[in-house]
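Grab a pencil and have a go at these exercises before peeking at the solutions. Each one can be worked through with the structure open beside you.

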Amino acid sequence: MKRLGLGTAFGLILTLLFALVPLSPVYATPTTYYVSFSAGSDSNNGTSANTPWKTLGKVSTQTFNAGDTILLKKGDTWTGETLYLNGNGTNTNWITLSSYGTGNKPKITPYTSVANIPAANPTNLAANGLLYAIYLHNSAGWKITGLEIGFSKSGIVNVNDTSGTRNGLWIEDCYIHDIVKWPLHPYPSEDNRVAPLQIMPYSVGIYTHLDESSSLNERLQNVTVKNVTIERTDGPLEIRKSDNVTIENLTATDSYREGVILTGINYDYPGTPIGILKNSVITNSGLNGMVWGTAGLAFNAVHSFVADNVEIAYTVAPNGVDGVGIDYEGLNKNVTVKNSYVHDNADEAVMVYRNPQWSGGVENVNTSLIDNVFKNNGILGDSNPHAAFLTHQYNATNGGTISGNTIYKTSRSQALNFVQEFSPVTTESWPNGNYTISGNKVLLPNGNPLNYASTGFASTQGANGWSYQQYDGTTLSNLSWNSASGLWEGTVGNLYVGNDWMHPAVGYFTERTWTAAAAGTIRITGTARKFDSTLGNGVVASMWKNGTQIWGPYTITDMTGSSHDFGVSVSVGDKIAFVINANGDSSYDKTYWNPVIEEVKQTAYTASTDFMGQQGMYNWNYVEYNGTTRTNMTWNAANQVWSGSAVNLYIGNDWVHPAIGIQPQRKWTAPSAGTVRLSGTVRKYDSASGNGVIASIWKNGTKIWGDTTVTTLTGTSHNFTTTVSAGDVLYFAIDANGDSSYDKTYWNPTVAYE
């Protein structure tokens, strides 16, 4: 046996020791590369600002390592080429693509304008020209910052179609614009595009794609999009099949096909993932529409995600489908939108939908809306109904929290929700399901709260101001909540109160009571009618304020019933009771009655919006003036106008008609002191014939505008301010100009406190 020398033996000992001690990984030395189209050359080494590369093609031939940096010179533009990013970093050791020098962001624009981007061709790949501005193919761990990207069929695209870890994509401080002309997905017909064109449905500013044909292809992890503006694209941002996603300070506007779409985010993630979209703005989505509909923000199969402080507005529906602000499209779980402002969208503010084509019949779970403001939604203006808040389809058992939201209707007549499971589908009720609903406010555009019986219906006495009782002629007592049936029930059979209906028992009155939380004026509207059958001898309906009858009693025997619309003043704690009594027996006595109490809190008063058949409501009166005396006009319920003592002397919702020698005057009384703005237009209503009218505005006994002669369909406008004290009166007066033929006059003034 050969004897080992001392040095050899010591070396073996060191080798064994190193084998037992775990070593830190050894990385190649990070290198920074410089690229300048204006001053570079591809024959340079690219490792200093004095020896930069020139083209993106040169960069695209390189494979980079974790820690490497590629810097594009500010002020330079690269056109006619795509940047392919090769190599993998991690979310803790990025490969960085950024900029150096001074001036504007470096620009990557495969084409010089939208007009120069080749037309879409679904079957000839080459005819489409350059497909990408920046393309990452099975590459991740890239941080892309400080660039401008535009005039391309797509922006930044990440595609994973092989096995291997894909960890990290960070895009920050980038401006992406004019991304168009990718061949559109021809849904619902069979896809007719060549394979490389099938990864995207249309041009997208930032897009991630996972090829799921192999289970070995891994999802992209740790995606961040931050301080990015995306304009004029088919779709601004679609993150697909990724986990741990953060989107912050995104501005996405003027999108031609869809808004922001999140698909398969954190889906069945085994742990607690990151999922956040915050402090962002998404506007003007769907400008050209899509056959399957449009949405400002869509969630498709997203789990554990929160959208916080996001403005979503002006989503349109050119082809008449959707146009919603937020779309829970299907298979979502634990997804919340909170503290956000959703407004001026063509269709409902929110859609909750179980897509029947790909959801497998599985409903959304726990989709929540908390502390948001929803305003002026459902404004498409076609022949279909569009609700103010929620469209809810094929999700009968979906749950979540709907709380603390402020919902503005566009008008009193607009429905709150559109629920496919209900008949009729437009309703003031909340959808069925496992929802927790509390603290939501429904308002008119002028800010007046609307307290619907159905919207405020809850399992707790006094919640939302509503309570539920029975009265046996002597004692008033609370009903008990039946959680299995979701209704209030009495101590005798068939005595119930549901969300928008009531049922009495013989000898017992059923009562739904609203308690005023503040002093003021309220308007009470609604209809009491048989619910679903005209059989039986009907019920007796009445309304009471603090024990004094203020409406009824009316015997209700048919499906038309009896309606009410009037205003009363209330003090704090006053109670308005809606009472149903059996009319002899209680068979077939289920009675629809969904009263709404509007609290008058407005600071702007518009004639047509406030128009109703009661003098003094919303501080408006309707009077005639003969030069000496003012007299209240009379309400004509059949024609919904105020009529005077002379022929053709009328005041309508937004028009007036004088008589010879008698003025119709719309009178407004100031509820408080301040400065008010008086705005409006006076014009002939429907004919320029005749010799016109004379318009004027008076404060108390002093003329403050006019006399103005109005003889055309264009007319004249006013927009000025005046100070008022509480009790001051403004008169909007129209006088016949000699005769009263063809004198129907449009005048819809607004008085608004400033």
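Below are five exercises on this predicted model, each with a worked solution.

**Exercise 1. Overall build**

Task: Work out how the radius of gyration of the chain stands against that of a compact globule of 754 residues.

Solution: Start with the reference value: a compact globule of 754 residues would come out near 27 Å. Now take the chain itself, which has 34 Å. So the chain sits above the globule value, going by the rule of 2.2 Å times the number of residues to the power 0.38. Next, look at the box around the C-alpha atoms: along the principal axes it runs to roughly 125 × 70 × 50 Å. Finally, add the secondary structure, which comes to three helices and 65 strands.

**Exercise 2. Inside, outside and charge**

Task: Find what share of the chain is buried, and what its exposed surface is made of.

Solution: First the inside: 51% of the 754 residues are buried. Then the outside: about 30,600 Å² is exposed, and carbon and sulfur atoms supply 50% of that area. For contacts, take the pairs at least 6 apart in sequence; 71% of these join residues at least 24 apart. Last come the charges, 44 positive and 57 negative, whose mean positions lie 7 Å apart.

**Exercise 3. Salt bridges**

Task: Of the 14 salt bridges in the structure, take the one between Glu-428 and Lys-409 and say which parts of the chain it ties together.

Solution: Check the distance to begin with: the side chains meet at 3.0 Å, N to O. Now place each partner. Glu-428 is in the loop between β33 (426–427) and β34 (435–438), while Lys-409 is in the loop between β31 (406–408) and β32 (417–419), so the bridge ties together parts 19 residues apart in sequence. Then ask about cover: Glu-428 and Lys-409 are both buried. One more item for the salt-bridge tally: Asp-178, Glu-231 and Arg-232 are joined into one network by bridges that share partners.

Now try the pair Arg-240 and Glu-238, which meet at 2.9 Å, N to O. Is Glu-238 buried or exposed? Its relative accessible area is 4%, so Glu-238 counts as buried, the cut-off being under 20%. Arg-240, at 21%, is partly exposed. As for Asp-707 and Lys-703, the closest N and O atoms of their salt bridge are 3.0 Å apart, and Lys-703 is partly exposed with a relative accessible area of 34%.

**Exercise 4. A strand residue under cover**

Task: Classify Thr-406 by its accessible area and list its contacts beyond four places in sequence.

Solution: Locate the residue: Thr-406 is in strand β31. Its relative accessible area is 12%, so Thr-406 falls under the 20% cut-off and is buried. Then skip the neighbours within four places in sequence; Thr-406 is in contact with Asn-372, Val-373, Phe-374, Lys-441 and Leu-443.

**Exercise 5. A strand residue in between**

Task: Do the same for Ser-569, then find how far it is from Ile-662 in sequence and in space.

Solution: Ser-569 belongs to strand β47 (residues 562–570). With a relative accessible area of 46%, Ser-569 is partly exposed. Setting aside neighbours within four places in sequence, Ser-569 is in contact with Gly-520, Thr-521, Lys-545 and Asp-574. For the last step, go from C-alpha to C-alpha: Ser-569 and Ile-662 are 32 Å apart in space and 93 residues apart in sequence.

Technical notes
Residues are numbered from 1 along each chain as its sequence is written. This is a predicted model: local features need pLDDT of at least 70, side-chain atom pairs count only at pLDDT 80 or more; totals for chains, interfaces and linings use all residues. Side-chain values use heavy atoms; hydrogens and water are left out. Helices (H or I, at least four residues) and strands (E, at least two) are DSSP runs, numbered from the N terminus. Buried means under 20% relative accessible area, exposed over 50%, partly exposed in between (1.4 Å probe, protein chains only). Contact means heavy atoms within 4.5 Å. Accessible areas come from the Shrake-Rupley method with a 1.4 Å probe; for residues, only the protein chains shown count as cover. Lys and Arg count as positive and Asp and Glu as negative; His and the chain ends are not counted. The place of a charge is taken as NZ of Lys, CZ of Arg, CG of Asp or CD of Glu. A salt bridge is a side-chain nitrogen of Lys or Arg within 4 Å of a carboxyl oxygen of Asp or Glu.
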